[in-house]
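Reader: I would like to learn how to read a sheet, the helices that pack on it and the nonpolar cores of a model. Could we go through them in turn?

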Amino acid sequence: MIKKVKNEKENKCANINKYKNSIKILSSENIAITLISLVITIILLIILAGIVINISIGENGLFKKAKYAKNEYLNAQSKEEEELNELYKQLGVTENLPENTKETQAGTTVKLPSKWEKYTPAYVTNEKGQEVISSKKVSSVYAVSAGNGETVPIPYGFYYVGGNLGSGVVISDNKEDKNKYAGESDVPNGVKVENGKFVDILKGNQFVFIPCTQSEYHKTNWANGKQGNVSGVSDCYWGIEISTLELAQIKKYEGFYVGRYEAGLPTSQDGFTGENAFESALSTTSSTLVGGSTQYNSTKIPISKAGREPWNFIDYNNSWASAQKMYTTHSVQSGLITGTQWDVMLNKIVSIDETKNLTDSKTWGNYALGETFNYTGKTAEYNKADNKLYGYGEIEENKTKMNNSNKLLTTGASEHNKAYNLYDVAGNLYEWTEESAVISSSLETLATNRIVRGGSFVNTSNSTPAIMRAGNLLGTSSNYFNGFRTVLYII
């Protein structure tokens, strides 16, 4: 019995020792695993710390990027301030210019009328040397003498060429044209012919200032106008709205600028390349167009120079968009001529020269039935028999355009078709305006039709004179006898 108890005790002790040894082995293994995990964790933390440090302060680190971004912001801010200051410098009002008098030479930059000034925020340095925002006197125009004490607003980016308020002040967007005909009332068309090609005497796009007061700025019902009633001339009802952009310009500057010529095709001849350029589809006598042309009926930048093929086969929508595209600057925004502007322009023409008849415009327009006159330029001739317009040939100098002939002329081709230093207001091409046609005399419901003015080279001078409103055309229609003219809005 004693032996049995002794054996059981020895067995228990052996099991306990065995268990202890097992625990020691397991503990050693766990300690080894824990140490390995710790080492791996530390290594990973070191790697991550290196990555974070590299991201933060490395070659392309966050700190450097933040510093770079800050510098870029400061540089951009400095550049913006420089650009603003340069703009203020360009548009700034110069105080020490001479007063305009009757003795002041035409083309002289003179003191700006206070009415044309405005104030804008500007960066200035205060007495402590700090840059602060204040205000600066600026203007979208500078004042030029047109002679005899006449002061004309010239938008920045444009230059006085010649003419006066009695004959039509001409400006250009090319500095080479500055004062080329200063002091002369009549400004030539601006091109000459050398070796059978047109050469520009005036390099830039040209516009004519139409002066008028607020009371003069309105539409005219020509059927009951100053030159008598014309059957059919105003049988098209028309919208009476006038945009605030028009009125603001008239109120401040008492006048507006209108394109001197019908819009000309943008071609590579005038430096237009890439997307904007396209050659005339009527460049040879063998080519013909009838109806419409997809190539012509698009939105591009027009030209207002002499010796260009007038832009026809274009609908109202693309005429409007193309006119808008011509200029968008700090001084001006271009647009399509409106019905009001057309009427004011005609009123100015006849107030200066009563021989320019508005009810039969044969003495100053290009019509199929009108007058015989001489021209220098190219022609495209319409053939009624096959309803086709045959393309432009070579330039013809001092050529006679016979009455009862359907010839479309290049812009500014004849002094016969000139009034107030403007060309082809009467005849040549009908011109789209922003004016809407309406479907009833109540003027309540606007139609989708748009109004064209002035008659064309296939019409008669007495049935479609300069005052003519034709409103039977959809804004999406295009044909060989419709073109357009651009105007400027001084901002």
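**Sheet, helices and cores**

Author: Let us begin with a helix, keeping in mind that this is a predicted model. Helix 3 (residues 244-253) lies across strand 10, strand 11 (255-259) and strand 27 (486-490), and runs at about 65° to strand 27. Helix 4 (residues 316-325) also packs on the sheet, where it touches strand 13 and strand 27, and its direction makes about 165° with that of strand 13.

Reader: In what order do the 6 strands of the open sheet follow one another?

Author: The order is 6-7-10-11-27-13, with antiparallel pairing. The edges are strand 6 (159-162) and strand 13 (332-336), each of which pairs on one side only, and neighbouring strands are turned against each other by 35° on average, direction ignored.

Reader: How many bridges join strand 7 and strand 10?

Author: Strand 7 (residues 169-172) pairs with strand 10 (residues 206-211) over 4 bridges, in the antiparallel sense; Ser 172, for instance, has Gln 206 of strand 10 as its bridge partner.

Reader: Which residues of the largest nonpolar core touch the most other members?

Author: The general idea is that in soluble globular proteins nonpolar side chains tend to be buried together. Here the largest such core has 32 residues, of which Ile 210, Met 345, Leu 346 and Trp 364 touch the most other members. Two or more residues each come from strand 10, strand 11, helix 5 (339-352) and strand 27, and helix 5 gives the largest share, 6 residues. A second, separate core of 26 residues includes Ala 263, Ile 314, Leu 389 and Trp 432.

Terms used: Residues are numbered from 1 along each chain as its sequence is written. This is a predicted model: local features need pLDDT of at least 70, side-chain atom pairs count only at pLDDT 80 or more; totals for chains, interfaces and linings use all residues. Side-chain values use heavy atoms; hydrogens and water are left out. Two strands pair if DSSP finds at least two bridges between them. Axes are lines fitted to C-alpha atoms, for helices over the stretch in contact, and angles run from 0 to 180 degrees between N-to-C directions. Contact means heavy atoms within 4.5 Å. A nonpolar core is a set of buried Ala, Val, Leu, Ile, Met, Phe, Trp, Tyr and Cys residues joined through side-chain atoms within 4.5 Å. Buried means under 20% relative accessible area, exposed over 50%, partly exposed in between (1.4 Å probe, protein chains only).
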